[in-house]
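Please look through the fold below with a few questions in mind, taking each answer one step at a time.

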Amino acid sequence: NKLSWAHIDLNSSYPTKKTLDFIYPIMEKNSVILFDDYGFDGFENTRKVIDNYLYKKKGDFFQLPTGQAYFIKR
């Protein structure tokens, strides 16, 4: 009932938030969440949802030049 990897590619802020609400509590320590729509134009609301959700969460966040980003939960 634990996850170590998730790839979120939903193209919308509300489903992204709901997915984070569901998966984050069951993500193991050192697990990875890959966000597909983080850095693309037109997905500013999704970026805000991700930033707000992960704010003050223990982990490391990296934005990639591909427009993606990933978070390692600590």
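Q: In this predicted model, which strands are included in what covers the buried residues of helix 2?
A: Helix 2 spans residues 44–54, and its buried residues are Thr46, Val49, Ile50, Tyr53 and Leu54. What covers these residues includes one helix, helix 1 (13–23). The strands included in this cover are strand 2 (27–35), strand 3 (59–63) and strand 4 (69–73).

Q: Why do the buried residues of helix 2 lie on the same side, and what arc do they cover?
A: An α-helix has 3.6 residues a turn, so residues three or four places apart point the same way. In helix 2, Thr46, Val49, Ile50, Tyr53 and Leu54 are buried, that is, under 20% relative accessible area. They lie on the same side of helix 2 because, around the axis, they cover an arc of only 115°.

Q: Which residues are exposed on the other side of helix 2?
A: The buried side of helix 2 holds, among them, Val49 and Ile50. To count as exposed, a residue must have over 50% relative accessible area. On the other side of helix 2, the residues that are exposed are Asn45, Lys48 and Asn52.

Q: In which sense, parallel or antiparallel, does strand 2 run with strand 4?
A: Strand 2 pairs with strand 1 (residues 3–8) over 5 bridges in the parallel sense, and there alanine 6 stands opposite isoleucine 33. With strand 4, strand 2 is joined by 4 bridges, and phenylalanine 35 stands opposite alanine 69. The sense in which strand 2 and strand 4 run is antiparallel.

Methods. Residues are numbered from 1 along each chain as its sequence is written. This is a predicted model: local features need pLDDT of at least 70, side-chain atom pairs count only at pLDDT 80 or more; totals for chains, interfaces and linings use all residues. Side-chain values use heavy atoms; hydrogens and water are left out. Buried means under 20% relative accessible area, exposed over 50%, partly exposed in between (1.4 Å probe, protein chains only). Helices (H or I, at least four residues) and strands (E, at least two) are DSSP runs, numbered from the N terminus. The arc is that of the directions from the helix axis to the C-beta atoms. Contact means heavy atoms within 4.5 Å. Two strands pair if DSSP finds at least two bridges between them.
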